[in-house]
Amino acid sequence: MKTRKLCINECIPYVQKYDWGEGKEGMVYDVMKNIVNNNYEIIKKDINNFEYLKEYAEGIEKDNNNNDSNSNNNNDSNNNNDSNNNNDSNNDEIEKNELKKEAINKTPRYAELWIGNHENGPNLVRYKNGFIKIGEFIDIYKNKKIKNNKISKYFYRNQEGKNKEDSANDENSNSNVNNNVNNESNKEHKKNSIASDIVGNNNKREDNFKRYSDGDCKDISYNNTNESYNSMSNKNCHLLKDGFQENDDLLFPYLFKMLSINKPLSIQIHPNEAQTLYLNTVNPNVYKDKIFKTEMCVCINSMSLLCGYINIFKISFLIKNIKELYDFFMRKDKNDPDACDNENDIKMDKRTNSNEGYKRDNKKVLLHKESDGRLKNHEPNEYARKNNNNSGSNNNHSGGNDDDGNLDLFTLFDLFDLNKSEHIEEVINCFSRIYKYIINYSIKRYNEANCDIISIIDNYAECIQKYVFYENFFRNFYKNENIPKDNINIGNIIKTEKEKFIEFFKQNKNIPDMIDSDVEKYINNIDENETQNEAPENNSTMTINNENFFTTMKKIKSLYEHLYKYLTYRIFLAENEVLNKYMISIITKNPKYCSYIKIREKLKKNVDELYIDACKKKNSENLSKEAENYIINNIFEILTNVSKFYPNDNGRIFVFILQLINLKDGDVIYIKPGVIHSYISGNCLECMTNSDLVIRGGLTNKAIDKVNFIKYVNYKNNHPVILEKEFINYNIISCSYKNMKYFKILFVKIRPGEIVNYMFSETSFTSCIILSSNTKTQLKGRKKEKKKASIKSIKKGTVFIIAPNIMVTMSNQYENKEDGDKDFVLYCATA
C-alpha cells in the first residue's frame, strides 16, 4: 500500500479473546493472520512493542528460521550424526509440547475483531513508513486540519482587513473635520485619495475572497441572520477556532466488530443514555463507559441468536405444557416436594412498595371504561361469540373486583402477592388456549410438509398481540375450557383490527410509547391518497370511538407488559438453588423432554424431520397434537444445545421466553437499548456506538447484575428490528435505523469490470473490511480533484479506514480469466 498524507490508511485491528470465540479455524483468526502476514515487513522492526501481534507472526518467523536451519544442516550433516542421535529424545519432548500448545490453541478464544478507537481495543494505523496507534493518528489528523483549514484563515484575514478599514475610515473622518478651512481643490484631492484607498482595500478583499471556493465554506451556515463575515468581533475569534477542533467522538462515534461465535454469548441488555450515565456515576469500576450502547448486526453466511421476548401466547403455552415451568412461575403446589418451599421462594424487598403503583394504574384504566352498549357500537360483531352466558366473567366489563371476589381478565395483578396466584393462572390459561386455537387454525390451512408451520403460527400470534385490541375476543377463552372450534376467523380479526389500529394512529400520531417502532414506520409510509378514498362513515365512526379504543388498547398492552415483567422478576428474584433445581428437573425428569431425547437418538432425526414424517400420514386429528409436540421439541432442542456449554447455568431458562432468530447471509438486525439478547452461533459484523457497556443476566462466568437487569429491561417493546435495505445505487446498499446519527453500515458489491465513485462520509472516518476481492482490484482516494492515496493490491480480509470528505474510486478490473471473476465485496461502518 502506498499512503499519501491522511486519506486511505491500512489498519491492524485488535482481537478480543473470550471463551465463546472460535479457534484458529474461525474467521477472526483468519482475517487477523492475513493482515499481519501482509504487513509483516513493516511491523517486524517494532514487533516487540506489540506483544499481541507475535502469535500471528509465529508462522512467518518459523518459516524463516526453518529455511536458515535447513541450509546450515545441509552443510554440517556429515559432522553432526552423533549429536542428532543424542537429540532424538529431546525432539520427542518438543513434539509433545507442541501438541499441547496446539490443543490449547484449539480452545475457542478468537472472539472479536475490533476496528475503531476504543481504549480497550487499540488499533494500529499505517502512516508514512510505519504503524502508529490510532489515537496518535487522530491527533495528527486534527492538528493538520486546524493548521491548513482555509475557512479559519479566511475569517482571520477578513477580520484583519475590517480592522484596518475601520481605522483608516476613522483617520479620514478626523482629518475631514479638522480641515474644513482648506480650499476646494484640497478637498477634492482628499476625496479622491480616500476613494482610491477604499477601492484598493476592496480589491484586496476581493482577491482574498476569490482564493477560496464556495466548497470550502459549505460547512458554515447562518440561519436567518444579518450578521456578515466581517461583523464578527475579535472576542469571538477563539470560539471559531475551537469549533474546528473536532472531538474523537465525532471522528469515530462508532465501534466496528467482527464476531466468530462458537458457543452462546451471555444473556444481556444495554442501558440507554440516561441509564448509562447513572451506572457510570454510581459504579464506575464495573460500568466504565460513559457512552450508551446500541448495536446493529449483519449476518455473514449464517447466524442464530436469541433476541426479544416470544409472543405472550406462546410463552403461556409453554408454561402450561411443561410442568416444571408451570410450578416455578405459577407456584401451583406449595406442598409438592419437587416444588420450591416457601422459605426458598421469591424474597420480596419490603422496602419496595410497588403495590400502590399498580393499583393506581388500574384505577386510571377503569375511569375510562364504557358501558356494554358503547362497546358494541364500535366493535365488530362478525366474529363475536353467540353465547356469552357461559361464565360471569364475560359480562364483567368493569375491569375491577366483583362482589364475589372474582377478577377481570385485564386486571393488573400484584407482582409479589402470593395470594393472587389464581388470577395469574387464569390469565396464563387464557393465553395458552388462544395459542392452541391458533395452532388448530393454522393446521387446517397449512398442513403441507414443506411449510414452516412454527413461523406461520407465531406470525398469527404476533399479529394478534400487536394489532388486536378487542376485549370480547380474549373473553372467548377466559375461564372457558371448551375452546371455540370454527366460529372465530383469526385472519378476519387481524385484518379488521389492523385497519382500525392504523386509522387510529393516523388521527393520533402524537401518542407516546403506545406504538411499536416498526408499526410507526409502516403508518408513516402509507400513501395519503388511500386515506382520502376511504368512506367518510368509517372515519366518523373511528373518530367518535377514539377514546374507547385508546382505553382498551392501553389496558391490554399494560397486561402484556405486566406479564413480561412478572416472568422476568420470577427468574431473577428466585434463589439460584431453586431455579437450578427446576432446570435440572426438566432435563432429567420431564417426560416430554426424555421422550424427545429417546426419539432423536433412536431415529437420528432432528425435530423438523420428525414433523415432516407426521405430516405425510395426513391424519388431521392427530396433526394438531404433533404440531404442539413439534413446538415444544423445538424449544427442547435449543435447551439441549445451550446446556452443552452451560450445564448448570440458570440463564438456560431464557430459551423458554426469548425468540430464536435464524439470519441468512446479508440480513441486518438492530437491537435497541433494553432488549434482551444472546448470540448463539455463526459469524457476523457488528456496529455499535463507541461503547462496550453490558448488563449480564445469565449464560456467563462473569458477574451478573440482577437488580439493574430487571430495572433496565424494556418491557414495552422488547423485540429486535429487522432492517430494510436502502439502495443508494446499483452497487451500494445502506442499512440504518431511523435517524440514528451514530453509525450506519454500507454494503458495497462491485462486479468484474465495474468502477464506482463514492464519498462515504463528510464528518467521520469510515472503517472498512474486505470479504472478497480479485487480483486487480484497486482503490483510489482524492480530495478536491487532488489524488491522495491508492491501494493496488487488495486481498480478502484487508482492513482500512477512510478519512472524512474523501472521494473513493473503487475498480474491479477484469481483462482475462487470470484476473479472477469474483465480486469485490466490502462492508463499511460510518456515521
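Which residue of β22 stands opposite valine 756? In this predicted model, the residue of β22 that stands opposite valine 756 is methionine 810, and the surroundings of that strand are a suitable place to begin.

## Strand β22 and its partners

Strand β22 spans residues 807-812, and because 5 of its 6 residues are buried, the strand is largely enclosed by the rest of the structure. Strand β17, which covers residues 755-759, pairs with β22 in the antiparallel sense over 5 bridges, and the facing of valine 756 and methionine 810 has already been noted above.

Strand β19, made up of residues 777-783, also runs antiparallel to β22, and 6 bridges join these two strands. Here glutamine 778 has serine 811 of β22 as its bridge partner.

## Aromatic pairs

A search of the whole structure finds 39 aromatic pairs. Tyrosine 437 and phenylalanine 477 form one of them, in an edge-to-face arrangement with 5.8 Å from centre to centre and 65° between the planes. This pair links distant parts of the chain, given that tyrosine 437 belongs to helix α16 (residues 421-445), whereas phenylalanine 477 lies 40 residues apart from it, in the loop between α18 (471-475) and α19 (490-507). Tyrosine 437 and phenylalanine 477 are both buried. They also belong to one aromatic cluster, which is formed by Phe313, Phe410, Phe431, Tyr437, Phe473, Phe474, Phe477 and Tyr560.

Tyrosine 596 and phenylalanine 636 have ring centres 6.3 Å apart and planes at 40°, so this pair is tilted. The pair likewise links distant parts of the chain, with tyrosine 596 in helix α25 (residues 591-603) and phenylalanine 636 in helix α27 (residues 620-645), 40 residues apart. Both tyrosine 596 and phenylalanine 636 are buried.

## Arginines over aromatic rings

Aromatic rings also face charged groups in this model, as two arginines show. Arginine 445 lies over the face of tyrosine 441, at 3.6 Å from the ring centre. In the case of arginine 570, the charged end sits over the ring of phenylalanine 328, at 4.7 Å from the centre of that ring.

## Salt bridges

Side chains of opposite charge can pair when their charged atoms come close. Across the whole structure, a search finds 16 salt bridges. One of the contacts of this kind joins the side chains of glutamate 41 and lysine 44, with 2.9 Å from N to O. Glutamate 41 counts as exposed because its relative accessibility is 54%, while lysine 44, at 38% relative accessibility, counts as partly exposed.

Glutamate 112 forms a salt bridge with lysine 257, and the closest N and O atoms of this pair are 3.4 Å apart. Because glutamate 112 lies in strand β3 (residues 110-116) and lysine 257 in strand β6 (residues 254-261), the pair ties together parts that are 145 residues apart in sequence. Both glutamate 112 and lysine 257 are buried.

## A shared network of charges

A salt bridge also brings together the side chains of lysine 293 and glutamate 295, with 3.9 Å from N to O. Lysine 293 is buried, with a relative accessible area of 3%, and glutamate 295 is buried as well, with a relative accessible area of 2%. Through salt bridges that share partners, Glu112, Lys257, Lys293, Glu295 and Asp692 are joined into one network.

Conventions
Residues are numbered from 1 along each chain as its sequence is written. This is a predicted model: local features need pLDDT of at least 70, side-chain atom pairs count only at pLDDT 80 or more; totals for chains, interfaces and linings use all residues. Side-chain values use heavy atoms; hydrogens and water are left out. Rings of Phe, Tyr and Trp (its six-membered ring) pair if their centres lie within 6.5 Å; planes under 30 degrees apart count as stacked, over 60 as edge-to-face and the rest as tilted. Helices (H or I, at least four residues) and strands (E, at least two) are DSSP runs, numbered from the N terminus. Buried means under 20% relative accessible area, exposed over 50%, partly exposed in between (1.4 Å probe, protein chains only). A charge sits over a ring if NZ of Lys or CZ of Arg is within 6 Å of the ring centre and within 35 degrees of the ring normal. A salt bridge is a side-chain nitrogen of Lys or Arg within 4 Å of a carboxyl oxygen of Asp or Glu. Two strands pair if DSSP finds at least two bridges between them.
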